[in-house]
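Biologist: Got a minute to walk me through this one? I want the helix packing and the core.

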Amino acid sequence: MPSINFKKVKYDIDHVLGHFQLQRDITCAHLNRWLDVIVPNDFALPELLEEKRERLAWEVDVWNEEELKMHFLSIVFTFAKFEVAHKIKLFYERSLSATVNDTALTVICDALLASPYGINTPQKPYFFMQEFKKGKKIQDDAEGQMLIAMLIAQELNQDEKPIYGCYILGRHWYFTTLHEKKYCVSKAFDATQYDELVLILHILGHIKDIVI
C-alpha cells in the first residue's frame, strides 16, 4: 500500500476511506447503542445553554472557529458532564501520532476524551471531536481529520473496543463510530433546534456510561 501525506490532501475523507479500506455506513450496532438515549420528560435545557442556542441560531453563519468554540461548544461541554475524575478527561488541541498500516499519521485534535496519565496527559483516547466553520479560506476536511485521529486511537489502544467521534459543520453535528474496518456516521443534528440540542447533550453524556 503506497504511503500518503494526508495533510497535503487536506485530510480528504475519500483519501482516508480508500487508503485504509474502510467501509462507511449509516447504521451499525455501536453507533445505534450510543445514539439510543433516554431524555426525561421533565428535562429542560439549562438557561445559559438555551441562551447560547439562540445566539448560535442568529450568529453561526458569521462566526469563525474560535468564536464557535468559545461562544457555544465550551458551554455544551460543560453541561454534557462527561468527565470522570481520574478516568475520563477532556483535552484540547492535542497532537496524536502513530503508524497505521505502514502509514505515519499525525493530527491535531480539536478536542478529545481520554483516560489521563498523571494530571494532564491523554493516555487512552476514547472520543474525538473536530469542528469546522466554512469560510473564505480552504479548510481541512473535518470528517477526514477526525477519522485520522480515530485510526490513531485504534492503533494506540490495541483493543477491540470501538472508537467514538463527532465532527461539526457550523450548526450541524455528526456522530461517528469506528470498529475494526467499519466506520459509521449518524444523520445531522442541528444544534440551533431546541429538541436536537437536547439530544446532542444527552448523546455526549452517554459517552461516559459507554466507556466506563
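**Helices, core and loops**

Biologist: Let's start with α3 and α4. Which residues meet there?
Modeller: This is a predicted model, so keep that in mind. From α3, the contact has L48, L49, K52, R53, R55 and L56. They meet L68, H71, F72, I75, V76 and F79 in α4.

Biologist: How does that split by class?
Modeller: The α3 contact with α4 has 8 nonpolar residues, 1 polar and 3 charged.

Biologist: What angle do α3 and α4 pack at, and how far apart are the axes?
Modeller: The angle is about 145 degrees. The axes of α3 and α4 are 10 Å apart.

Biologist: Left-handed or right-handed crossing?
Modeller: α3 and α4 cross in a left-handed way.

Biologist: OK, now α4 and α6. What angle there?
Modeller: About 55 degrees between α4, residues 65-80, and α6, residues 194-211. Their axes are 9 Å apart.

Biologist: What do you call that arrangement of α4 and α6?
Modeller: Oblique. An angle of about 55 degrees falls outside the parallel range, under 35, and the perpendicular range, 65 to 115, so α4 and α6 count as oblique to each other.

Biologist: And the handedness of α4 passing α6?
Modeller: That crossing is right-handed.

Biologist: Which side chains are in the contact between α4 and α6?
Modeller: α4 gives F72, V76, F79 and A80. α6 gives L197, L201, L204 and G205.

Biologist: How many of those are charged?
Modeller: No charged residues in the contact of α4 with α6. It has 7 nonpolar and 1 polar.

Biologist: That leaves α3 against α6. What are the angle and the axis distance?
Modeller: α3 and α6 pack at about 125 degrees, with axes 11 Å apart. That makes this pair oblique. The crossing of α3 and α6 is right-handed.

Biologist: Which residues make the contact of α3 and α6?
Modeller: L49, E50 and R53 come from α3. Y194, L197 and L201 come from α6. By class, the contact of α3 with α6 has 4 nonpolar, no polar and 2 charged residues.

Biologist: Switching to the core. How many residues are in the largest nonpolar one?
Modeller: It has 42 residues. Those with the most contacts inside it are W34, F72, F127, M129, W173, F175 and L204.

Biologist: Which elements give two or more residues to it?
Modeller: Among the helices, α2 (29-35), α3 (47-59), α4 and α6. Among the strands, β3 (103-117), β4 (121-132), β5 (163-169) and β6 (172-179).

Biologist: Where does the largest share come from?
Modeller: From α6, with 9 residues.

Biologist: What lies apart from that core?
Modeller: Another core, of 33 residues. It includes A114, F128, A153 and Y183.

Biologist: I was looking at F77. Buried or exposed?
Modeller: F77 is in helix α4. It counts as buried because its relative accessibility is 8%, and the cut-off is under 20%.

Biologist: What does F77 touch, leaving aside neighbours within four places in sequence?
Modeller: F82, L90, Y92, A111 and M129. M129 is also one of the residues with the most contacts inside the largest core.

Biologist: How far is F77 from L199 in space?
Modeller: 13 Å, C-alpha to C-alpha. In sequence, F77 and L199 are 122 residues apart.

Biologist: And L31, buried or exposed?
Modeller: Buried, at 1% relative accessibility. L31 lies in helix α2.

Biologist: What is L31 in contact with, not counting residues up to four places away in sequence?
Modeller: I26, F175, T176, T177, C184, V185 and S186. F175 is another residue with the most contacts in the largest core.

Biologist: Last topic, backbone oddities. What is phi for D102?
Modeller: About 65 degrees, so to speak a positive phi in a residue that is not a glycine. D102 sits in the loop between β2 (89-100) and β3. At 73% relative accessible area, D102 is exposed.

Biologist: What about phi of Q158?
Modeller: Near 50 degrees, again a positive value in a residue other than glycine. Q158 is in the loop between α5 (142-157) and β5. Q158 counts as exposed, at 59% relative accessibility.

Definitions and conventions: Residues are numbered from 1 along each chain as its sequence is written. This is a predicted model: local features need pLDDT of at least 70, side-chain atom pairs count only at pLDDT 80 or more; totals for chains, interfaces and linings use all residues. Side-chain values use heavy atoms; hydrogens and water are left out. Axes are lines fitted to C-alpha atoms, for helices over the stretch in contact, and angles run from 0 to 180 degrees between N-to-C directions. Helices (H or I, at least four residues) and strands (E, at least two) are DSSP runs, numbered from the N terminus. Angles under 35 degrees count as roughly parallel, over 145 as roughly antiparallel, 65 to 115 as roughly perpendicular and the rest as oblique. A crossing is left-handed if the near helix is turned anticlockwise from the far one by less than a right angle, and right-handed if clockwise. Contact means heavy atoms within 4.5 Å. Ala, Val, Leu, Ile, Met, Phe, Trp, Tyr, Cys and Pro count as nonpolar, Asp, Glu, Lys and Arg as charged, and the others, Gly among them, as polar. A nonpolar core is a set of buried Ala, Val, Leu, Ile, Met, Phe, Trp, Tyr and Cys residues joined through side-chain atoms within 4.5 Å. Buried means under 20% relative accessible area, exposed over 50%, partly exposed in between (1.4 Å probe, protein chains only).
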